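Open the model in your viewer and keep the selection tool at hand. The stops below go from one helix to a set of charged pairs.

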Amino acid sequence: MDSRSFYNEILTEHNMRPYYKHDIDDPDLVLEGVNPNCGDDIWLKLKLDGDVISDGAFTGDGCAISQASADIMLGLVIGRTKDEAIRLVDIFTRMIKGGASDEEIEELEEASALRDISHMPARVKCATLGWHTLEEMIGRK
């Protein structure tokens, strides 16, 4: 399967059947992320167990890329510590800019399907909306 087909299959699956697009009761952290360029708008909600992201979800509207990317991101960070999640945000951001190693990109699992988004500058903010919202929510050290 070529990378374009893989990209399309992953995005389609996460856009049409997002696992994490729903509301959750009593989240510990809630933050809205907005892409004013295109109108993508998500509400990211996380539950924490100490320093571990124990559950997460998002609601909102946006293009297929923003919605699929947020869904993929949550699948990757739930069960990880906040520091691990921030590290993944950093790798994802560098991947989009063309600066992550192949080994790092492998850590992103399905999110690696978005690596070629850098060739579509108008869509970069769509792909990174959930990731930047997560980063802002849990902060950098």
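**A tour by selection**

Start in helix H3: select aspartate 90 and arginine 94, which sit four residues apart, so about one helical turn separates them. This is a predicted model. The two side chains form a salt bridge, 3.0 Å from N to O. Aspartate 90 is partly exposed at 27% relative accessibility; arginine 94 is partly exposed at 25%.

Next, select aspartate 102 and arginine 115. Their side chains make a salt bridge of 3.2 Å, N to O. Aspartate 102 belongs to helix H4 and arginine 115 to the loop between H4 and H5, so this pair links parts 13 residues apart in sequence. Now add Glu104 to Asp90 and Arg94: salt bridges with shared partners join these three into one network.

Move to glutamate 107 and arginine 87. Their salt bridge is 2.4 Å, N to O. It ties helix H4 (residues 102-107) to helix H3, because glutamate 107 lies in the former and arginine 87 in the latter, 20 residues apart in sequence. Both ends are partly exposed: glutamate 107 at 31%, arginine 87 at 39%. The count of salt bridges comes to eight.

Finally, select helix H5, residues 121-138. Its end C-alpha atoms are 26 Å apart, which agrees with the 26 Å expected for 18 residues. Where does H5 bend? Look at leucine 129, where the bend is about 50 degrees. Leu129 is also among the buried residues of H5, as are Gly130 and Trp131. Show what covers those buried residues: the cover includes strands S1 (29-35), S2 (40-49) and S3 (52-61), with helices H2 (64-77) and H3 (82-96). Stop at glycine 139, just after H5, which has a positive phi of about 75 degrees.

Terms used
Residues numbered from 1 in each chain as written. Predicted model: local features only at pLDDT ≥ 70, side-chain atom pairs only at ≥ 80, totals over all residues. Heavy atoms only, no water. Helix = DSSP H or I, 4+ residues; strand = E, 2+ residues; numbered from the N terminus. Expected span 1.5 Å × (residues − 1). Bend = angle between axes of the 7 residues up to and from the residue. Buried < 20%, exposed > 50% of the residue type's maximum accessible area, 1.4 Å probe, protein only. Contact = heavy atoms within 4.5 Å. Salt bridge = Lys/Arg side-chain N within 4 Å of Asp/Glu carboxyl O.
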